[in-house]
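This report describes selected features of a single protein structure. Helix packing is treated before the ligand surroundings and the backbone geometry.

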Amino acid sequence: TSVFEDVKAAPADVIFALTTICDADTFDKKINLGVGAYRTEEGKPYVLPVVKKADHILVDDKNLDHEYLPILGQKAFRKESAKLILGASSKALAEDRVGAIQCISGTGALYAGAHFLSKHYPIKGAACYISTPTYANHRPLLEGVGLPVLEYPYWNPATKGLDLEGMLNAMQSAANGSIFLLHACAHNPTGVDPTPDQWRQIADVMEAKSHFTFFDCAYQGFASGNLDKDAYAVRYFVERGLELFVAQSYSKNFGLYSERAGNLTVVAKTPEIKDRIESQIAKAQRAVISNPPAYGSRIVSTVLTDKKLYSEWEQNLSTMANRIIHMRKVLFDELTRLETPGKWSHIVDQIGMFSFTGLTTPQVKVLKEKYHIYLLDNGRISVAGLNSKNVMYFAQAVDDVVR
Ligand code: PMP
């Protein structure tokens, strides 16, 4: 008998399982709206033209080798990542109190930050609050490092918008010094972000209650198409003097999904504290991954350190963001034309890659079984999966299931 006789099978990951089922489906009009990856008008993965250029530069660079990176990662990448999210003129950067740790993409940055908090957060047993709903990996990741997880309201099903009152009330009634995981922009899965005035109200409570902010920033540039606009919330919190962490991912905005390029930016009160935090995260990182992978970070730093490539990247980003915005409009117009029951303006009001459609789990079941359209049971679609060839088919299917 095996020593592992009693090991039970774990459930498959819902999103990856959906892709497996869709890949195996031979129906010619099938649509995968589950996966959070950008697709072109032809429904294909997109290698950003600027990434191809950076690729050529790296291939031709005779000085590059495959030596280990330092434990904290590539220096230029770390520096540029912090600058990208905080802004070149950030006071915190000028005061040398910003740390940066290259991680295994956004997930690794969330892990590094959460792991540090689980070991060094001064309030033992402090809970980390996540939004209802949130990215499916948040809870398991936080629980995995032993942080107690609680939830704050976010989505109001009645308005199909932000439940600001519920969110603020939860922050008010949370124990002082709780940890709040906030989506910096393009909230996943709802596509609903607070306005600047709402961010002010959120920051007021976070400050008054001495809560700690952990931003998850997986979509900078993808929400509005503008990198600075999408960094608004983080920069505003830093301006107010709050200490915080930001987990940054280059999966979406560089299309570097498999290269696992990410960064944890740490904004501390003083340079000394920043150094100590970095040293602790370096120690932990050494024991888990030893040092991060180089390729994705080289692509990113090549682009971020070159003015011309940087502006090309901005153009590539707006190509992606604008195509998604356009698909939202086409879908909304078609549902309006079909006089599909219900109010659908949230499709165009929401931002980023996802739309929380409001479709119910039984309706999603029919979409899958009758129409071969794959989306999450909570009604979330990746708008990037739509294009001018399949959007009418999708709209008609939605029209059918809600009648
Ligand atoms: N946070 C959020 C909100 C996400 O949507 C994602 C990607 N789906 C991630 C983090 C992590 O992505 P990655 O590890 O590929 O950077």
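## Packing of α2 against α12

Helices α2 and α12 are roughly perpendicular to each other, because an angle of 65 to 115 degrees counts as such and their axes cross at roughly 105°. The two axes come within 9 Å. The model is a predicted one. On the α2 side the contact is made by V50, V51, A54, D55, I57 and L58, and on the α12 side by R298, I299, T302 and V303. By class, the residues of this contact divide into 7 nonpolar, 1 polar and 2 charged.

## Enclosure of α12

Helix α12 spans residues 295-304, and 9 of its 10 residues are buried, so the helix is largely enclosed by the rest of the structure. The buried positions are G296, S297, R298, I299, V300, S301, T302, V303 and L304. R298, I299, T302 and V303 also take part in the contact with α2.

Which elements do the buried residues of α12 pack against? They pack against the helices α2 (49-60), α3 (75-86) and α13 (307-337), and against the strands β2 (98-104) and β10 (261-267).

## Packing of α5 against α11

A second helix pair is formed by α5, residues 105-120, and α11, residues 271-288. Their axes come within 10 Å and cross at roughly 110°, and the two helices are therefore roughly perpendicular to each other. Helix α5 contributes A112, H115, F116 and H120 to the contact, while α11 contributes I277, Q280, I281, A284 and Q285. This contact has 5 nonpolar and 4 polar residues, with no charged residues.

## Surroundings of the ligand

There are 13 residues around the ligand, of which S105, G106, T107, S249 and S251 come nearest. Helix α5 gives the most to this shell, with 3 residues. By class, the shell has 9 polar, 3 nonpolar and 1 charged residues.

## R260

R260 is located in the loop between β9 (244-249) and β10. With 22 C-beta neighbours inside 10 Å, R260 counts as buried, because the criterion is 20 or more. The residue has a positive phi of about 55° although it is not a glycine.

Beyond its neighbours within four places in sequence, R260 is in contact with I104, S105, G108, P293 and G296. Of these partners, S105 is one of the residues that come nearest to the ligand, and G296 is among the buried residues of α12. R260 and T107 are 153 residues apart along the chain, yet their C-alpha atoms are separated by 8.7 Å.

## E339

E339 also has a positive phi of about 55° without being a glycine. Its place is in the loop between α13 and α14 (346-349). Is E339 buried or exposed? With 7 C-beta neighbours inside 10 Å, E339 counts as exposed, whereas R260 counts as buried.

## Cis peptide bonds

The peptide bond from T132 to P133 is cis, with omega near -5°. P133 is placed in the loop between β3 (128-132) and α6 (138-144). A cis peptide bond also joins N188 and P189, where omega is about 15°. P189 lies in the loop between β7 (179-183) and α8 (196-208).

## Y374 in strand β12

Y374 belongs to strand β12, residues 373-374. The residue is buried, with 23 other C-beta atoms within 10 Å. Leaving aside neighbours within four places in sequence, Y374 is in contact with L18, I21, C22, I31, N32, L33, G34 and K368. Y374 and R298 are 76 residues apart in sequence, and their C-alpha atoms are 35 Å apart in space.

## Annotated domain

UniProt, in an unreviewed entry, places the feature "domain: Aminotransferase class I/classII large" at residues 29-397. In the model, this span is 45% helix and 15% strand. The C-alpha atoms at its two ends lie 11 Å apart.

Technical notes:
Residues are numbered from 1 along each chain as its sequence is written. This is a predicted model: local features need pLDDT of at least 70, side-chain atom pairs count only at pLDDT 80 or more; totals for chains, interfaces and linings use all residues. Axes are lines fitted to C-alpha atoms, for helices over the stretch in contact, and angles run from 0 to 180 degrees between N-to-C directions. Helices (H or I, at least four residues) and strands (E, at least two) are DSSP runs, numbered from the N terminus. Angles under 35 degrees count as roughly parallel, over 145 as roughly antiparallel, 65 to 115 as roughly perpendicular and the rest as oblique. Two residues are in contact if their C-beta atoms, placed from the backbone, lie within 7 Å. Ala, Val, Leu, Ile, Met, Phe, Trp, Tyr, Cys and Pro count as nonpolar, Asp, Glu, Lys and Arg as charged, and the others, Gly among them, as polar. A residue is near a molecule or strand if its C-beta atom, placed from the backbone, lies within 6 Å of it. UniProt positions are given in the numbering used here, feature names are shortened, and annotations may be inferred rather than shown by experiment. A residue is buried if 20 or more other C-beta atoms lie within 10 Å of its own, exposed if 12 or fewer, and partly exposed in between; C-beta atoms are placed from the backbone.
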